[in-house]
Amino acid sequence: MGSGIREVLGRLDRELWLVTAQAGGRRGGLIATFVGEASIAPEAPRMVVGIGRAHHTWELIEGSGAFALHLLGEEHLDWVWRFGLESGRGRDKLAGLSAKAGITGSPIVEGALGFLECRVEERMDTGDRTIWLAEVLDGRLLGDAAPLTTKRLFGLAPPDKLEALGRLYAEDGARDLEAIRAWRARRQGAGRPPEAGTRPDAVRE
Ligand SMILES: Cc1cc2nc3c(=O)[nH]c(=O)nc-3n(C[C@H](O)[C@H](O)[C@H](O)COP(=O)(O)O)c2cc1C
């Protein structure tokens, strides 16, 4: 990545969310920063999330068409280590936490600053991730602490967790890069036209 791009992206800070889902008798969750509000109409709240296709939680959302978003505060650092550093494939990441099924069946974990329960309306595959657009069906604010953000997380993490985060970003980043390149190559192979604005003859039309 060029240094200019890195500098611009370095100015961003993102809230951390715990994303949970269940399908076929399995449940799980992960930490995500690719979560955004996707509607300004109060009568039609929507969220958009981007989840890596390699993750266990991806399978659960794909299977159920639903998920729950939990907003985290600084007191939820333990949840970041529990849900964000290793896959829940083959184990129950929610074991020992107090959680109950929401209206979509997605687990609502007790103790977050707030939660939103969402049902998928549309999906887009982008190689490394699936981006889901979802209707928000329910939600509750339960605490008024400041949400935990990526920059704050890196400020608070002890050295062993900083190392683990560095490993995660490096490994997931390498896998994502490969998936993005393969996706682009597949699209070119399928003769899909380049997006508007990238066509060399676009200005002549
Ligand atoms: C700070 C932080 C932000 C993350 N953001 C995302 C994200 O936006 N999307 C995603 O798919 N994974 C994200 N991850 C990675 C997953 O949380 C992590 O790989 C998790 O172990 C996957 O768990 P699973 O296989 O049980 O679903 C993030 C992890 C951390 C620590």
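## Exercises on the ligand site and an aromatic pair

The ligand takes up the space of the largest pocket. The model is predicted.

**Exercise 1.** Find which residues are closest to the ligand, and which elements supply its shell.

*Solution.* Start with the count: 25 residues surround the ligand. Next, pick out the closest: Ile31, Gly52, Thr57, Ser87 and Gly88. Then turn to the elements. Two strands, β2 (26–32) and β4 (46–52), each supply at least two shell residues. So do the helices α2 (56–64), α3 (77–84) and α5 (159–189). Last, sort the shell by class: 11 residues are nonpolar, 10 are polar and 4 are charged.

**Exercise 2.** Locate the backbone atoms that approach ligand oxygens, then state how much of the ligand is covered.

*Solution.* Begin at isoleucine 31: a polar backbone atom there is 2.7 Å from a ligand oxygen. Move to histidine 56, where a backbone N or O atom lies 2.9 Å from an oxygen of the ligand. Glycine 88 also places a backbone N or O atom 2.7 Å from a ligand oxygen. Now the cover: on its own, the ligand has 650 Å² of accessible area, and the protein covers 95% of it.

**Exercise 3.** Classify the pair formed by tryptophan 58 and tryptophan 132, and say which parts it ties together.

*Solution.* The structure holds 2 aromatic pairs. In this one, the ring centres are 6.4 Å apart. The planes meet at 40°, so the pair is tilted. Now place the residues: tryptophan 58 lies in helix α2, and tryptophan 132 in strand β9 (residues 129–141). The pair therefore ties together parts 74 residues apart in sequence.

Conventions
Residues numbered from 1 in each chain as written. Predicted model: local features only at pLDDT ≥ 70, side-chain atom pairs only at ≥ 80, totals over all residues. Heavy atoms only, no water. Near = heavy atom within 4 Å. Polar contact = N/O pair within 3.5 Å; in protein donor to acceptor, adjacent residues only side chain to side chain. Areas by Shrake-Rupley, 256 points an atom, 1.4 Å probe, with all protein chains shown as cover. 1 Å grid on protein atoms, 1.4 Å probe; cavity = no way out; pocket = protein on both sides within 12 Å on 5 of 7 lines; lining within 4 Å. Sits in = over half its atoms within 2 Å of the grid points. Helix = DSSP H or I, 4+ residues; strand = E, 2+ residues; numbered from the N terminus. Nonpolar A, V, L, I, M, F, W, Y, C, P; charged D, E, K, R; others polar. Phe/Tyr/Trp six-rings, centres within 6.5 Å; stacked < 30°, edge-to-face > 60°.
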